[in-house]
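Colleague: I would like to take one part of this model and go through it slowly, with its surroundings added afterwards. Could you walk me through a single helix and then through whatever else helps to place it?

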Protein chains: 4
Amino acid sequence: MEIILLSITPDPERLIEEAGRTCYLSFDKISNESHRKFIRMIIKNGHHSVLEHASATFRVKGGSRGFTHQMVRHRICSFSQQSQRYVNEEDFSFVVPEAVALDPEASEIYGRFMAQSRETYKELIARGIKKEDARFVLPQGVESEIVISANFREWRHIFQERCSKAAQWEIRKIAMEMLKILKEKAPTVFEDFIINEEANTAASGLKIQS
Amino acid sequence: MEIILLSITPDPERLIEEAGRTCYLSFDKISNESHRKFIRMIIKNGHHSVLEHASATFRVKGGSRGFTHQMVRHRICSFSQQSQRYVNEEDFSFVVPEAVALDPEASEIYGRFMAQSRETYKELIARGIKKEDARFVLPQGVESEIVISANFREWRHIFQERCSKAAQWEIRKIAMEMLKILKEKAPTVFEDFIINEEANTAASGLKIQS
Amino acid sequence: MEIILLSITPDPERLIEEAGRTCYLSFDKISNESHRKFIRMIIKNGHHSVLEHASATFRVKGGSRGFTHQMVRHRICSFSQQSQRYVNEEDFSFVVPEAVALDPEASEIYGRFMAQSRETYKELIARGIKKEDARFVLPQGVESEIVISANFREWRHIFQERCSKAAQWEIRKIAMEMLKILKEKAPTVFEDFIINEEANTAASGLKIQS
Amino acid sequence: MEIILLSITPDPERLIEEAGRTCYLSFDKISNESHRKFIRMIIKNGHHSVLEHASATFRVKGGSRGFTHQMVRHRICSFSQQSQRYVNEEDFSFVVPEAVALDPEASEIYGRFMAQSRETYKELIARGIKKEDARFVLPQGVESEIVISANFREWRHIFQERCSKAAQWEIRKIAMEMLKILKEKAPTVFEDFIINEEANTAASGLKIQS
């Protein structure tokens with residue numbers, strides 16, 4: 001699995017302050033460090049729409065189709081995903097769940113099945129079945145590359161939902177990587193998300209209004 | 001495959017007129033038949049937001065996970081989908097693409113693989129692998145039930161995209177069924193979509209503004 | 001001010017259950033009263049997307065342009081609003097804030113100004129200025145009729161934001177009327193919103209997850 | 001009126017190509033100039049979702065409340081707007097429609113009324129009426145500063161709607177300025193919008209699919 005930050009709003013925290021102060025016409029309060037206080041205030045007060053002016057785009061390599069099917073339910077995001085209608089999948093890679101990897105016999109069953117799936121796909125293609133139909137035999141575990149853009153308010157929402165203990169492990173693992181990257185790039189916006197390294201979860205330490 | 005209309009706005013065309021005439025405060029023009037003329041006018045003029053006041057909810061049974069992954073990309077819709085984290089899939093049904101069904105040898109390869117997939121899923125479950133991990137072996141062709149709600153403007157958009165010749169056959173087949181049902185329930189709103197029975201496609205005969 | 005429920009999903013709570021049980025394929029648990037327990041469970045668990053399958057449409061008469069400008073910021077809603085480009089506003093009605101109404105002198109200032117505004121509008125129209133330009137003199141207090149559709153999840157969000165003490169009085173007054181109507185029509189979905197009649201506010205008594 | 005580009009995705013056309021080629025895994029086709037051809041292809045084919053990965057943020061100074069009320073109807077955008085609840089408007093500026101400016105008598109009527117409005121606002125404030133209530137006398141023509149973020153697909157949609165001859169002159173004037181700026185910053189994405197300098201309109205010269 002590889003998470004690559006493809007793009008991020010330049011100097012995002014200053015942009016958020018610059019945009020957000022429009023509501024109050026309080027531009028005279030801008031100083032070199034004022035964005036931190038401003039952002040903490042709007043997050044605490046639940047005035048999150050201001051965070052929408054900044055955004056970030058990630059490439060996710062090595063996530064499964066199971067993950068992407070969950071991910072694309074986030075309707076505020078923008079997605080460009082590897083198409084099984086256009087890309088030949090004869091050499092697909094696949095994700096192995098940890099529970100399977102830790103059980104040698106399950107691992108063998110799983111690996112054997114993935115090989116069968118690849119063979120079946122090839123046989124169908126060889127018989128002239130189109131990729132868009134042959135893909136019906138591709139398992140959920142098959143890797144599917146995806147590029148995801150979202151604004152910072154939506155990234156916060158995603159982290160809230162997907163870094164929690166209740167989230168499925170794969171999407172949580174990916175969300176945790178993204179959170180760590182955004183914590184570096186926009187530290188104030190994401191500072192309230194406290195990471196539990198052991199459990200690989202994160203949650204906002206703030207009691208946010210509404 | 002089975003498409004069931006679960007719910008639709010009562011008397012949707014009159015509601016659209018009643019809401020839309022608010023823009024002009026032209027309620028005095030409402031008569032028993034005036035909604036047809038009004039709806040034709042707003043569609044022709046590209047004033048489609050008025051169509052959003054009416055909506056419809058469908059249950060789709062017998063669509064594949066490949067279909068649902070495409071469908072949930074429509075961000076204006078609302079979805080409730082069978083969860084492979086919660087539902088045991090040991091007895092899954094699956095979709096057979098026509099191109100496969102028409103080729104006896106491909107059919108046999110396909111059917112055999114689906115049986116292997118089911119067996120593999122069962123073996124993993126039997127070894128104590130959780131459903132959310134065992135589902136990684138479930139193929140795209142596995143059936144997944146889904147309920148979809150959208151407003152009429154979005155249904156028009158879906159039909160425009162998914163009833164076209166360029167759409168993938170499965171989502172087109174499902175969209176065509178929905179279109180036929182909505183053409184009965186709200187004939188004026190969908191009347192410009194001309195159905196080509198032979199090709200199983202549909203397209204708006206209108207040159208709509210903007 | 002008058003709030004009219006123009007349309008609502010028929011039997012909305014049963015539809016929500018019917019749609020939501022798709023996730024678990026637990027249709028066998030449906031009984032005559034089961035929707036209440038089901039809806040309480042999904043609201044408590046933060047599984048609010050299921051509430052999106054039901055929706056309601058209101059007509060609001062007698063709200064000001066100040067109110068509508070706030071209201072149309074809710075991006076999940078659909079709106080049809082009286083257009084100041086098309087409707088002649090020579091006889092406009094206007095909203096009087098309570099604080100103004102309670103102060104006889106302020107009332108007189110306010111009323112006199114509204115009359116001046118009406119006169120100015122008429123003078124400009126009489127000189128051949130188009131409605132879309134003459135409207136620049138119309139005050140925020142001018143009434144503007146609007147029809148609003150939203151799904152139940154969004155209505156809950158609107159009530160959370162707009163029935164709170166922090167909301168502006170006009171939008172709160174309107175939201176409170178809508179909440180009371182929806183509490184009758186879909187009692188379980190909105191039951192956690194506790195109304196404070198004295199303060200004319202409402203807030204969810206639940207600590208909702210995520 | 002002043003339109004300031006506050007922020008834009010760095011190297012937006014290359015990002016669009018980089019994201020969009022994920023669908024086909026055709027990264028090997030990327031060269032120094034390939035983004036132009038790629039973007040032309042996706043626009044021509046109606047594959048506009050790829051354009052969503054890039055975005056731009058504008059500050060608009062000197063637009064009226066009439067303009068902002070129209071603008072915030074664009075639901076895919078993010079907005080931060082000068083609040084009449086928080087900002088004292090005793091010294092408000094206002095927009096003068098051209099039709100008014102060209103007619104000396106209308107101009108005088110208009111200017112006199114704006115002065116009355118300012119006086120009335122001050123009188124109400126002086127009597128202890130809160131800003132959020134005094135604002136009811138502020139005309140639509142009062143200036144309201146706003147910051148607007150949107151992705152490129154949405155900017156294209158806005159230009160299509162708001163640069164057309166049918167659009168209201170003020171929003172068209174503002175949209176035209178934005179279009180000119182984005183044509184410089186992302187020339188391929190907006191190249192099909194042909195500007196008619198004389199009429200101050202623009203329209204896509206492409207017949208775009210679906």
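Modeller: What follows starts with one helix of chain D and then turns to chains A and B.

Please keep in mind throughout that this is a predicted model. The helix I have chosen is α5 of chain D, which runs over residues 104-126 and so has 23 residues by the DSSP assignment. From its first C-alpha to its last, α5(D) reaches 33 Å, which is close to the 33 Å expected at 1.5 Å a residue.

At its N-terminal end, α5(D) is capped by Asp103(D), a side-chain oxygen of which lies 3.0 Å from the backbone nitrogen of Glu105(D). Just after the helix, at the other end, Gly128(D) takes a positive phi of about 95°.

Which residues of α5(D) are buried? They are Ala106(D), Ile109(D), Tyr110(D), Phe113(D), Met114(D), Ser117(D), Thr120(D), Tyr121(D) and Leu124(D). The cover over these buried residues includes α5 (104-126) of chain C, and, from chain D itself, α4 (98-101) and α6 (131-134).

Turning to chains A and B, chain A can be laid on chain B with an RMSD of 0.0 Å by a turn of 180° and a shift of 0.0 Å along the axis, which is the relation of a two-fold axis. Within chain A, the C-alpha nearest that axis belongs to Pro139(A), at 1.9 Å from it. The same surface serves both copies, in that 100% of the contact residues of chain A recur in chain B.

One residue of chain B that touches chain A is Gln168(B), which sits in the loop between α7 (152-162) and α8 (169-185) of chain B. Its relative accessibility is 1%, and because buried means under 20%, Gln168(B) counts as buried. Leaving aside residues up to four places away in sequence, Gln168(B) touches Arg85(A), Glu132(A), Asp133(A), Arg135(A) and Phe136(A) of chain A, together with Gln70(B) of chain B. With Arg135(A) there is also a polar contact of 3.4 Å, joining the side chains of the two residues. Gln168(B) and Ser49(B), by comparison, are 119 residues apart in sequence and 28 Å apart in space, C-alpha to C-alpha.

Finally, the domain assignment of chain A gives domain 1, made up of 2-80 + 144-204, and domain 2, covering 96-137. The C-alpha centres of domain 1 and domain 2 of chain A lie 35 Å apart.

Conventions: Residues are numbered from 1 along each chain as its sequence is written. Chains are lettered from A and ligands numbered from 1 in the order in which they are written. This is a predicted model: local features need pLDDT of at least 70, side-chain atom pairs count only at pLDDT 80 or more; totals for chains, interfaces and linings use all residues. Side-chain values use heavy atoms; hydrogens and water are left out. Helices (H or I, at least four residues) and strands (E, at least two) are DSSP runs, numbered from the N terminus. The expected span of a helix is 1.5 Å times one less than its number of residues. Buried means under 20% relative accessible area, exposed over 50%, partly exposed in between (1.4 Å probe, protein chains only). Contact means heavy atoms within 4.5 Å. A polar contact is a pair of N or O atoms within 3.5 Å; within protein, one must be able to donate a hydrogen and the other to accept it, and residues adjacent in sequence count only if both atoms are side-chain atoms. Copies are superposed by least squares on the C-alpha atoms of residues with pLDDT of at least 70 in both. Domain bounds come from an automatic or database domain assignment.
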